[in-house]
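Here's a quick tour of how some helices in this model sit against each other, and which parts stay out in the open. Have the structure open while you read.

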Amino acid sequence: LSQQRVKSYIELIRNVRISEQVAADLRLPLTPEQVAAKIDATSSPDSVLIDVGVTDPDARQATAIVNGVSTVFVRLVDELERTVTPTAVPPVAVRIVRPASVPSQPSSPDLPVMLALGLLGGLVLGAAAAVGRHLLDTTVKSTEQLTALAKAPNLTTIGYDGAVRKR
């Protein structure tokens, strides 16, 4: 039963209802759909813990959104799992185990830097391939080169006529 609830709670965390409240609480200049797209929630198969993550270029905003999602989620589960009788114990209690903190370094690479490095690497590999192809080319390009390689005089050449049909 608890595993089924965890799966349902993960879907609830990604729901627009939570992101709408988080956007309002934090006064974010984003729509609830945009906030929801930044949120990711996962859980290990044998665990009832839910990991909530947010992807955002601003580390402080990502931390604020994660903590906001956690707070709104706890309130929402308390509301959903509230029993009819006030003295009864709710079947589920949700708590924040560890609030998010601002990361000291980015969790993903900087896209413009990675694109520039990829472009530079491609140019270097392309230049190396061109130089390698030139150095490994063994075709004879001129009559002077043929005479030097054969160590004999050239008796004749056959001209090229582009107007002649190929067979």
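Helices α1 (2-13) and α4 (residues 59-80) are oblique to each other, because their angle falls outside the bands for roughly parallel (under 35 degrees), roughly antiparallel (over 145) and roughly perpendicular (65 to 115). Their axes come within 11 Å and cross at roughly 125 degrees. Axes here are lines fitted to C-alpha atoms, for helices over the stretch in contact, and angles run from 0 to 180 degrees between N-to-C directions. On the α1 side, Y9, L12 and I13 make the contact, and on the α4 side V69, F73, L76, V77 and L80 do (contact means heavy atoms within 4.5 Å). By class, that contact has eight nonpolar residues, no polar and no charged ones (Ala, Val, Leu, Ile, Met, Phe, Trp, Tyr, Cys and Pro count as nonpolar, Asp, Glu, Lys and Arg as charged, and the others, Gly among them, as polar).

A word on the source: this is a predicted model, where local features need pLDDT of at least 70 and side-chain atom pairs count only at pLDDT 80 or more, while totals for chains, interfaces and linings use all residues. Residues are numbered from 1 along each chain as its sequence is written, and side-chain values use heavy atoms, with hydrogens and water left out.

Helix α4 also packs on α2 (residues 16-26), at about 125 degrees with the axes 9 Å apart. That makes α2 oblique to α4. From α2, the residues involved include R17, I18 and Q21, and they meet a stretch of α4 that includes A64, I65 and G68. This contact has nine nonpolar, two polar and four charged residues.

Now for the two long-helix entries, with spans set against the expected one (1.5 Å times one less than the number of residues).

| Helix | Residues | First to last C-alpha | Expected span |
|---|---|---|---|
| α4 | 22 residues | 31 Å | 32 Å |
| α5 | 26 residues | 37 Å | 38 Å |

Is α4 buried or exposed along its length? Many of its residues, among them A62, T63, I65, V66 and G68, are buried (under 20% relative accessible area). What covers the buried residues of α4 includes α1, α2, α3 (32-38), β1 (39-42) and β2 (51-54). For α5 (residues 111-136), the number buried is zero, so α5 lies largely in the open.

Finally, T157 lies in the segment after α6 (143-150). T157 is exposed (over 50%), with a relative accessible area of 54%. The C-alpha atoms of T157 and D78 are separated by 94 Å, and the two are 79 residues apart along the chain.

Definitions and conventions: Helices (H or I, at least four residues) and strands (E, at least two) are DSSP runs, numbered from the N terminus. Buried means under 20% relative accessible area, exposed over 50%, partly exposed in between (1.4 Å probe, protein chains only).
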